[in-house]
Amino acid sequence: MALSTGTEVAVPSTLIFGFKQVFVFLKLCWGCLNKPYETYRKLSLYSFSHQLIFILFIMVLYFLAASTIKEGLADGKLNIVVASFKATLVTLFTFLVTATTLYLLGKLFTGKGSFFTFLTLWSFTLLPTLAWFLVTAAFYVLLPPPRTTSISGQVFSAFFIAFSIGCLIWKLILYYLTLRFSLRLGTIKITAVSLIVGPLLVIYALLFYKVPFI
Amino acid sequence: MKQLSKKDKQILELMRKKQVEVSNLPTQELGILTPYYKNLVSYFKVQPWKGIILLAIFIVVMFRLIFGPSFVKLATLLQAGF
């Protein structure tokens, strides 16, 4: 049995709460990848809205890193902060507009559910987006484009395209589950909503981005 | 009547919660496509990444066969998209 030395420092309860929340968030992330159906069902039934802070935090970190890569440290730290702030604002605006459009369309197709639950589930669809953008930014530094048709160029391209397709399919699964669980829509209605929103998103993406952060 | 133990009560509560979770959504009916739908969805319910990896590899192989070595242009375009 350990004896007390009388010098132990009590761990603040807020710190324990913080660690617990990080653990819950990591568990949810893994769940979205490994058991998306079960995880999304839990997300729709219980309150996990405070977990959104972690997604926002990773997003801000990503934009800081991406702005540093694009602007370069030589151009000054202010440019990086301004660029990342702008990118975060534009992304949040796009995110909210997309979420609102989807929610209203879902409601039009007799969907049932609160906007807050929808927003929580929709936020978790940002996980594949974040994964893709973080990995792409890292590869941009490690193996900058353009790719060549050499064997190594083709192998890397095949790997990178496969990874991109994987992230896209993961995103589509989470998108489907968002509409299914937060609005209780059936597959036919989800397809109808997607046929309306899909072309709009493609036009928006082609006008403003190469790859949209949605 | 036998009194339930604390452990039994906990198990019952877990079962009740699970029942609420499972019965939360109405079942999907797609007419003659329902069995195919259920079969497809089963691949995406648990460990979908296995299916995703296979599908992604298949699509990349198709890309390579259709476009030849110039499929690397897509990787270049995507890499510049972050």
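How many helices and how many strands does chain B have? Select chain B and colour it by secondary structure to find out: there are four helices and zero strands. Follow the chain along its sequence and you will read the pattern α-α-α-α. Keep in mind as you go that this is a predicted model.

**Stop one: the outline of chain B.** Keep chain B selected and turn it around. Its C-alpha atoms fill a box of roughly 75 × 35 × 20 Å along the principal axes. The radius of gyration is 23 Å, whereas a compact globule of 82 residues would have one near 12 Å.

**Stop two: the surface of chain B.** Now switch on the surface. The accessible surface comes to about 6,300 Å², and carbon and sulfur atoms account for 71% of that area. Of the chain's 82 residues, 26% count as buried.

**Stop three: the charges of chain B.** Next, select the charged residues of chain B. You will be looking at 12 positive and 4 negative charges, and the mean positions of these two groups lie 10 Å apart.

**Stop four: the cysteines of chain A.** Finally, move to chain A and show its cysteines as sticks. How many disulfides are there over all chains? The count comes to zero. Start with Cys32(A), which is in no disulfide: the nearest cysteine sulfur, in Cys29(A), is 6.5 Å away. Cys32(A) is also buried, at 0% relative accessibility. Then pick Cys167(A). Its closest cysteine sulfur is again that of Cys29(A), but the distance is 13 Å, so the two are too far apart for a bond. With a relative accessibility of 8%, Cys167(A) counts as buried.

Notes. Residues numbered from 1 in each chain as written. Chains lettered and ligands numbered in written order. Predicted model: local features only at pLDDT ≥ 70, side-chain atom pairs only at ≥ 80, totals over all residues. Heavy atoms only, no water. Helix = DSSP H or I, 4+ residues; strand = E, 2+ residues; numbered from the N terminus. Rg over C-alpha atoms; globule rule 2.2 N^0.38 Å. Buried < 20%, exposed > 50% of the residue type's maximum accessible area, 1.4 Å probe, protein only. Areas by Shrake-Rupley, 256 points an atom, 1.4 Å probe, with all protein chains shown as cover. Lys, Arg positive; Asp, Glu negative; His and termini not counted. Charge placed at Lys NZ, Arg CZ, Asp CG, Glu CD. Disulfide = S-S within 2.5 Å.
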